[in-house]
Amino acid sequence: MAIVKSDVSFIENVVAKYPTTKGGIVAILQEIQEREGYLSPDALDETARLTGISVNEIYGVATFYSFYKFNPPGRHVIQVCLGTACHVRGGSKILKELERLLKIKVGEVTPDGKFELNRIACLGCCALEPVVAIDGKFYPRVTARKLPAILAEYQD
Ligand code: FES
């Protein structure tokens, strides 16, 4: 998919704000991801063209940090808490069951782009363990049996 003109001028503006150093590249990529939700190959190419730094080098910087994403985000973001309280009460089982139901691994997006599956260290409501959040909505005391009904709430 070709990058659209508005994205090119957005990237031009971002690149102009930062030095073409490693730290500058980190900041540039962060702004691009904040807007686009991920770093597309076209955005990486455009950043390389505008900074004069090779796309391989830029990709090397991006892959060093785990917070960069290289695929479009899912329409619904699932976060499975694996903090201590949730882990003890079966958080990993919940995650495994979601991987089975959605046929993806943690960190991936379903082929239809509907769900993105992530784990998180703590959602901040440990008394409700184990907790799953979808698009910011919290599901307390989740069990594997409850998951199909929870996922069915998300039709689009
Ligand atoms: S450990 Fe799961 S919400 Fe804190």
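Which domains does the domain assignment of the chain give? The assignment gives domain 1, covering residues 5-64, and domain 2, covering residues 76-152. The model on display is a predicted one, and the tour below moves from the whole chain to single residues.

**The whole chain**

Begin with every C-alpha atom selected. Along the principal axes, these atoms fill a box of roughly 50 × 30 × 20 Å. A cartoon representation shows 7 helices and 4 strands. Followed along the sequence, the elements appear in the pattern α-α-α-α-β-α-α-β-β-β-α. Colouring by burial marks 21% of the 156 residues as buried. Of the contacts in the chain with a separation of 6 or more, 61% join residues 24 or more positions apart.

Next, define one selection for 5-64 and another for 76-152, the two assigned domains. The C-alpha centres of domain 1 and domain 2 are 32 Å apart.

**Helices H3 and H4**

Select residues 41-51, which form helix H3, together with residues 55-64, which form helix H4. The two helices pack at an angle of about 120 degrees, and their axes are 9 Å apart. How are H3 and H4 oriented to each other? Angles of 65 to 115 degrees count as roughly perpendicular and those over 145 as roughly antiparallel; H3 and H4 are therefore oblique to each other. Their crossing is right-handed.

Now display the side chains in the contact. On the H3 side are Leu-44, Asp-45, Thr-47 and Ala-48, which meet Val-55, Ile-58 and Tyr-59 of H4. By class, this contact comprises 5 nonpolar residues, 1 polar and 1 charged.

**Helices H2 and H4**

Keep H4 in view and add residues 22-36, helix H2. H2 and H4 pack at an angle of about 70 degrees, with 10 Å between their axes. This angle makes H2 roughly perpendicular to H4. From H2, the residues to select are Lys-22, Ile-25, Val-26 and Leu-29; from H4, they are Ile-58, Val-61 and Ala-62. The residues of this contact divide into 6 nonpolar, no polar and 1 charged. Ile-58 deserves a label of its own: this residue takes part in the contact with H3 and also in the contact with H2.

**Lys-103**

Move to the loop between helix H6 (91-102) and strand S2, and select Lys-103. What is the sign of phi at Lys-103? Phi is near 60 degrees, a positive value in a residue other than glycine. Is Lys-103 buried or exposed? A residue counts as exposed if 12 or fewer other C-beta atoms lie within 10 Å of its own; Lys-103 has 9 such neighbours and is therefore exposed.

**The loops on either side of S3**

Proceed to the loop between strand S2 (115-120) and strand S3 (132-134), where Pro-130 is found. Display the backbone from Glu-129 to Pro-130: the peptide bond between these residues is cis, with omega near -10 degrees.

Continue to the loop between S3 and strand S4 (137-139), and select Asp-135. Phi of Asp-135 is near 50 degrees, again a positive value in a residue other than glycine. Asp-135 counts as exposed because 11 C-beta neighbours lie inside 10 Å.

Technical notes
Residues are numbered from 1 along each chain as its sequence is written. This is a predicted model: local features need pLDDT of at least 70, side-chain atom pairs count only at pLDDT 80 or more; totals for chains, interfaces and linings use all residues. A residue is buried if 20 or more other C-beta atoms lie within 10 Å of its own, exposed if 12 or fewer, and partly exposed in between; C-beta atoms are placed from the backbone. Domain bounds come from an automatic or database domain assignment. Axes are lines fitted to C-alpha atoms, for helices over the stretch in contact, and angles run from 0 to 180 degrees between N-to-C directions. Angles under 35 degrees count as roughly parallel, over 145 as roughly antiparallel, 65 to 115 as roughly perpendicular and the rest as oblique. A crossing is left-handed if the near helix is turned anticlockwise from the far one by less than a right angle, and right-handed if clockwise. Two residues are in contact if their C-beta atoms, placed from the backbone, lie within 7 Å. Ala, Val, Leu, Ile, Met, Phe, Trp, Tyr, Cys and Pro count as nonpolar, Asp, Glu, Lys and Arg as charged, and the others, Gly among them, as polar.
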